[in-house]
Structure formats: structure tokens, C-alpha cells
Amino acid sequence: MPAHFEFNELNAIVYATQVNLSCQNATSDYTISYVDFEVIHVSKPNGPNITLFGNLGGKSYSTTLTIGSAITIDRETGNPIHTLVIPENFYSESSLVLECTYNGREYLTNISVASPTSPLLIGDTVYEGSFIGPIVKQRIANITHYLISVGGQGGNLARGFIDAEYNAGGDNNTDMASALERVIGQVSEAYFSVLRQQVERSNIDKTHLDSAAVSELKLHVTISRMGGAQYGWLAVLGILLIPSLIGTFRTCTRRKAVGFEA
């Protein structure tokens with residue numbers, strides 16, 4: 001009877017989705033109205049209308065970072081435009097307005113864990129799949145908008161900046177665009193990692209595929225046992241591991257690494 005399993009090392013080629021957010025300063029295209037001491041309204045002709053309220057939960061609701069968010073869809077391309085608003089304070093009409101677009105693609109990459117105490121290392125890209133399309137972009141834009149909007153005043157995104165003491169007062173927006181690009185891009189990639197586990201299907205038959213388009217996993221473990229009948233237990237372990245092993249061969253075609261658009 002196995003007493004325990006001990007992880008030794010892991011080498012794999014796995015799917016991933018790269019997501020890039022590109023934000024442009026569009027403040028001059030918007031009308032910013034100072035409604036009263038704690039309310040700012042931001043609007044654009046044929047564009048979004050965003051109303052921001054002071055963060056009443058902050059040390060000072062008028063000087064605590066607040067982030068507004070809105071999603072619009074380009075009628076020609078179907079691509080989402082994510083508008084983000086960062087008021088410098090709630091004493092004036094001075095705010096930063098960013099218009100952001102999403103891009104990305106599927107790819108296969110090497111990963112490895114050398115020992116139980118070693119970190120996960122991400123290696124080189126071994127195969128590049130298709131670019132993400134409008135439907136996928138809309139999905140990640142909507143989930144990001146939800147994370148920013150839930151709870152009001154910028155949600156956990158604003159809270160993360162405040163806790164990190166990075167532009168906690170919203171009055172230092174010099175590098176805010178690049179910071180938001182990186183943070184939201186990584187959040188989107190994490191969302192895809194969770195989504196992938198729900199939509200991918202295993203296929204152990206990879207004979208018809210280009211070898212570069214197939215993911216594989218090699219896992220080394222040490223199995224300790226107690227008593228005899230080791231072959232019987234190995235048979236049981238084999239049956240238990242078959243579904244996991246089959247799941248390591250996730251297939252894709254050269255046209256679509258993962259068919260999110262289907």
C-alpha cells in the first residue's frame with residue numbers, strides 16, 4: 001500500500017495566452033464635469049458616460065485613488081475599447097482618461113520545476129498559435145470591467161494600488177498608463193488560465209498533428225509503499241493516473257491553437 005507520494009521534478013510544454021493592453025491618453029477627447037464636492041462626470045460624444053464618486057472608504061474620500069471604467073464596442077471591427085478614468089482629486093476637473101485596446105495570441109511554452117523547493121520556470125515559446133479575436137477580447141474586457149466596477153471606486157484594482165502605495169492619492173499619473181497595461185494584462189492572462197481548464201478537451205491521439213503543436217508533460221514522483229503486492233498497487237495507481245496522463249496531451253491545429261472563437 002503506498003504510504004505517500006513525493007514530487008521530484010516536472011518538465012512540460014503547455015498552452016498559454018499572451019494578453020497585451022495598450023492604453024492611449026484620450027483626456028482631450030472627453031468632457032470632464034465637476035458636479036459637486038465628491039462627484040465627477042466624464043463623457044464623450046457617441047462614447048461612454050462615466051460618473052465617479054469619491055472613495056468614502058479611504059482616509060480622505062477626496063484624495064484617495066478612484067478608477068472609473070466603461071466598455072464600448074467598435075461597430076466595424078467588434079473589438080472592445082476599454083475607457084479608464086483616474087481623477088487626480090475631487091476638488092477639480094483634472095482627470096486622466098485612457099482608451100485601452102486588447103491584443104494577444106495563443107502559444108506553447110516550456111515550463112519546468114527542478115525540485116520540490118524550486119520555483120516554476122517559464123522557458124522559450126515553442127509554437128505560436130492564432131491571435132485572439134473580437135469575441136475573446138470582449139470577454140476579457142468585460143471581466144476586467146467587472147473586477148474594476150464591483151464594490152465601486154475601482155474595486156480591487158484601485159485597492160491594489162492603494163495598498164502598494166503606488167499613486168494611492170490619484171495625483172501622480174505620470175506612469176499610470178504603463179502600470180495599468182501591465183496589471184490588467186496579467187489579470188487577463190490569469191483569467192484565461194482558469195478559463196482554459198473549463199473549455200479544453202483532452203485528446204491522446206496526436207498522430208495527425210505537427211509535433212510543434214502538441215503539449216506534453218513529464219512528471220517524476222517517488223512512491224513509497226508498505227507491505228507487499230506492489231504490482232497490484234501499481235495497477236491501481238495506473239488506473240487512477242490514466243485520466244491525468246491523457247489530459248497532458250492537449251492538442252491544437254496550426255490554424256487555431258485553442259478554438260476560443262468557435
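These legends walk through several close-up views of one predicted model.

This is a predicted model, in which local features need pLDDT of at least 70 and side-chain atom pairs count only at pLDDT 80 or more, while totals for chains, interfaces and linings use all residues. Residues are numbered from 1 along each chain as its sequence is written, and side-chain values use heavy atoms, with hydrogens and water left out.

**View 1. The whole chain holds 4 helices and 9 strands.** Helices (H or I, at least four residues) and strands (E, at least two) are DSSP runs, numbered from the N terminus. Following the sequence, you meet them in the pattern β-β-β-β-β-β-β-β-α-α-α-β-α. Of the 262 residues in the chain, 37% are buried; buried means under 20% relative accessible area, exposed over 50%, and partly exposed in between (1.4 Å probe, protein chains only). The chain exposes about 14900 Å², with carbon and sulfur atoms supplying 54% of that area. Accessible areas come from the Shrake-Rupley method with a 1.4 Å probe, and for residues only the protein chains shown count as cover. Contact means heavy atoms within 4.5 Å. Among contacts between residues at least 6 apart in sequence, 68% join residues at least 24 apart.

**View 2. Strands S2, S3 and S4 form an open antiparallel sheet.** The order of the 3 strands is S2-S3-S4, and two strands pair if DSSP finds at least two bridges between them. Strand S2 (31-36) and strand S4 (49-53) are the edge strands, each pairing on one side only. On average, neighbouring strands of this sheet are turned by 20 degrees against each other, direction ignored. Such angles are taken between axes, which are lines fitted to C-alpha atoms (for helices over the stretch in contact), and run from 0 to 180 degrees between N-to-C directions.

**View 3. Strand S3 (residues 39-43) pairs with S4 and with S2.** There are 5 bridges between S3 and S4, and 5 bridges between S2 and S3. Towards S4, histidine 41 stands opposite threonine 51, and valine 39 faces phenylalanine 53. Towards S2, valine 42 of S3 is the bridge partner of isoleucine 32. S3 is mostly covered, with 4 of its 5 residues buried.

**View 4. Two residues other than glycine take a positive phi: asparagine 46 and glutamate 165.** Look for asparagine 46 in the loop between S3 and S4, a hairpin with 5 residues between the strands. Its phi is about 60 degrees. Asparagine 46 counts as exposed because its relative accessibility is 89%. Glutamate 165 has a phi near 55 degrees and sits in the loop between helix H2 (155-163) and helix H3 (176-199). Glutamate 165 also counts as exposed, because its relative accessibility is 71%.

**View 5. The largest nonpolar core has 27 residues.** A nonpolar core is a set of buried Ala, Val, Leu, Ile, Met, Phe, Trp, Tyr and Cys residues joined through side-chain atoms within 4.5 Å. Ile67 and Leu180 have the most contacts inside this core. The elements giving two or more residues to this core are strand S1 (2-25), strand S6 (80-87), strand S7 (95-113), helix H1 (134-149), H2 and H3. H3 gives the most, with 7 residues. Apart from this core lies another, of 10 residues, among them Ile40, Leu52, Ala70 and Val85. Beyond its neighbours within four places in sequence, isoleucine 67 is in contact with residues including Leu52, Val85, Leu157 and Met176.

**View 6. Glycine 104 lies in strand S7.** Glycine 104 counts as buried because its relative accessibility is 8%. The C-alpha atoms of glycine 104 and glutamine 18 are separated by 5.1 Å, although the two residues are 86 residues apart along the chain. Leaving aside neighbours within four places in sequence, glycine 104 is in contact with Gln18, Val19, Phe131 and Ile132.

**View 7. Confidence is highest in strand S5 and lowest in helix H4.** pLDDT is the predictor's confidence in each residue, from 0 to 100. The chain averages 76, and 68% of the residues score at least 70. Strand S5 (residues 68-73) has a mean of 94, whereas helix H4 (residues 230-247) has a mean of 46. Over residues 228-240 pLDDT stays under 50, and the model has 8 contacts beyond four places in sequence for that stretch. Over residues 242-262 pLDDT again stays under 50, with 54 such contacts.
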